[in-house]
Amino acid sequence: MSGAALGLEIVFVFFLALFLLHRYGDFKKQHRLVIVGTLLAWYLCFLIVFILPLDVSTTIYNRCKHAAANSSPPESSNITGLYATATPVPSQHPCFKPWSYIPDGIMPIFWRVVYWTSQFLTWILLPFMQSYARSGGFSITGKIKTALIENAIYYGTYLLIFGAFLIYVAVNPHLHLEWNQLQTIGIAAANTWGLFLLVLLLGYGLVEIPRSYWNGAKKGYLLMKTYFKAAKLMTEKADAEETLEDVMEEVRKVNESIKYNHPLRKCVDTILKKCPVEYQEKMGRNMDDYEDFDEKRNAYPSEKSLVKLHKQVIYSVQRHRRTQVQWQILLEQAFYLEDVAKNETSGTCQFVHTFQSPEPENRFIQYFYNPTIEWYWECLLRPWFYRILAVVLSIFSVIVVWSECTFFSTTPVLSLFAVFIQLAEKTYNYIYIEIACFLSIFFLSICVYSTVFRIRVFNYYYLASHHQTDAYSLLFSGMLFCRLTPPLCLNFLGLTHMDSSISHQNTQPTAYTSIMGSMKVLSFIADGFYIYYPMLVVILCIATYFSLGTRCLNLLGFQQFMGDNDMTSDLVDEGKELIRREKRKRQRQEEGENRRREWKERYGHSREDSTRNRNVHIDPKESNFSDISTNRSSKYTRSNNRNERDRIELLQDAEPLDFNAETFTDDPLESESGRSFLYPPFRYQPGGRYLSMSRSRIFDDV
């Protein structure tokens, strides 16, 4: 099993990162370099979290082996006879290899490759790709130039921070500059920045994650919050539509002013390709390429203005598409939560849906998750499951907060994570050590990473599911993960006292801490900032518990969901009315489709049979005039009842007519036969006959 666990986790983590990226990104529309860069960043960060417990168990085994080697006495040469040969005393350390043991020399190389690759991504490559993706340039050279200009200040800030640490080391007479020390300074600067942001995100996640599950178990809470989201999303959706209309109007003006033989026409064509299809068709119909451009007569836009317009088109189209998809998803959630509220008072123990899912469900899911099981889960079991999960997560949060405030104490050991690991280390229960380490670092990662997925910085950074995240946000999330994961792992090793700089013990360090170098070069960071700054997580947890950040955002005009706020109540009522309108609209659509289906089933087959029989058995020259007159009279009498049926449909709230269609008829019989186009108008005679008013007079032989 040597190295097998490492290989299995490498493969598993890759597919996990690929699954999450597929959920948030769009493999078909986004650039391949954006997908590859984001996937590599997410993969490396998740890999560090999953592999670190194996490093801990391997380090504990190496410590045990080293202690056993040092505790064995030297060989005795004074004893002769049977015991003349060396007989080492049995060791008191029962060392045996763990099932996930990784051979020596593999982990240092592995961590060095993973760490420096992630740092190269987060500080150099991903920021450049971010600016490149947002650039509105029409050529690769133009996009690269824009990205370099935008990142000049960004890179200059890093050089300034690194220069400050470098000057500190140079001024200190007790320190001598070496390559390892410069490397340690760079690592310390990166970890300091990451730890500063890590504590902020961790303090929010430790409180918000258990509270979200506890509130999710309350009746009506999720439905009210969905109504609130609907009101806010409708405002954003309307704003996105207005922005798209304004940008498309600018594109239309540019498209009409720049003709086919203008030097910048290729740039305009590139912009048109990024526009929605309906706008492309409108602009294509109104395009007149027969007129040549006159440089002296008209003032044409410059290439710089077209680059800016191109950037606006990309942003507005992406935002409009995202709001449309999110609105449909939110409607489905609201309808389902309303169904849950209705079924909670039902005595049939059968979950009834108002609207059926448009996509057919799997037969396996239908068999095991039938309406009865769905009713018991949604109405009875799920609230209790959420409450139990909220209590368990709250206990984990308390353990983390306590350990963050006491992990610097080594005698006595107050950190609960260190207590658990040391108890398992005495018995060398490697499975328990790996499970405890994995659960601990996994919970810390969930608290931090979930906050990264939840936060939204206006419209610049927003991770939207269902393939609606833009390239800028995907790359930015990769940057955050690469900057947060190394200090997160160092903080975890400090909580478990596996970091020698925290435990102050002369023991073998883990392979991960060995590549970080000795922090004694910067003592004020190793002995001060790394130890006392994590204690601020207590203040952040208290602020999150009392929703101080939410209240501040409300005061600034950013509406947040709060139960004791009048603005929240108004938005909930507004969202409820919006959901009710959309529900009525969908019901009318389904009723209209059902009516059309019934008419086709009732009259479609009978009319086809009558038409087939008439074509086969009836000879127009030998048929009786009365039969023909009767058939025609019944046929057109049925058509004359169309107005009455239309009035009935209008009284039944039929869906509005589509005036963009070719015909206005809603009768399935007329739509199939096309009678309004195939048959000429008829004139009724007193004798009960319909005579053709056309010039062909095809009924003259009757």
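**Figure 1. A salt bridge within helix α6 of the predicted model.** E241 is partly exposed, at 30% relative accessibility, in a model that is predicted. Its side chain meets that of K237 in a salt bridge, with 3.2 Å from N to O. K237 is buried, its relative accessible area being 12%. Both E241 and K237 belong to helix α6 (residues 221–257), where they sit 4 residues apart, about one turn of the helix.

**Figure 2. The segment that UniProt annotates as a coiled-coil region.** An unreviewed UniProt entry places the feature "coiled-coil region" at residues 230–257. In the model, residues 230–257 are 100% helix and 0% strand. The C-alpha atoms at the two ends of this segment are 40 Å apart.

**Figure 3. A salt bridge within helix α7.** D269 and R265 form a salt bridge in which the closest N and O atoms are 3.2 Å apart. Helix α7 (residues 265–274) holds both D269 and R265, 4 residues apart, about one turn of the helix. D269 counts as partly exposed at 32% relative accessibility, whereas R265 counts as buried at 10%.

**Figure 4. A salt bridge within helix α11.** The side chains of E378 and R382 meet in a salt bridge of 3.3 Å, N to O. E378 and R382 lie 4 residues apart in helix α11, about one turn of the helix. E378 is buried, with a relative accessible area of 8%, and R382 also counts as buried, at 16% relative accessibility. Elsewhere, E236, R322 and R456 are joined into one network by salt bridges that share partners. The structure holds 13 salt bridges.

**Figure 5. A nonpolar patch on the surface.** The patch is formed by F364, I365, Y367, F368, Y369, I373, Y376, W377, L380, L381 and F385, which together have about 1100 Å² of accessible area. Helices α10 (363–368) and α11 (371–406) each supply at least two of the patch residues. The most comes from α11, with 6 residues. One of the patch residues, I373, lies in helix α11 and is partly exposed, at 38% relative accessibility.

**Figure 6. Cysteines C489 and C45.** The cysteine sulfur closest to that of C489 belongs to C45 and is 8.9 Å away, so the two are too far apart for a bond. A disulfide requires sulfur atoms within 2.5 Å, and the count of disulfides comes to 0. C489 is buried, with a relative accessible area of 0%. Another cysteine, C552, is partly exposed, with a relative accessible area of 45%.

Definitions and conventions:
Residues are numbered from 1 along each chain as its sequence is written. This is a predicted model: local features need pLDDT of at least 70, side-chain atom pairs count only at pLDDT 80 or more; totals for chains, interfaces and linings use all residues. Side-chain values use heavy atoms; hydrogens and water are left out. Patches are made of residues with over 30% relative accessible area and no salt bridge: like charges are joined within 9 Å, nonpolar side chains (Val, Leu, Ile, Met, Phe, Trp, Tyr) within 5 Å. Accessible areas come from the Shrake-Rupley method with a 1.4 Å probe; for residues, only the protein chains shown count as cover. A salt bridge is a side-chain nitrogen of Lys or Arg within 4 Å of a carboxyl oxygen of Asp or Glu. Buried means under 20% relative accessible area, exposed over 50%, partly exposed in between (1.4 Å probe, protein chains only). UniProt positions are given in the numbering used here, feature names are shortened, and annotations may be inferred rather than shown by experiment.
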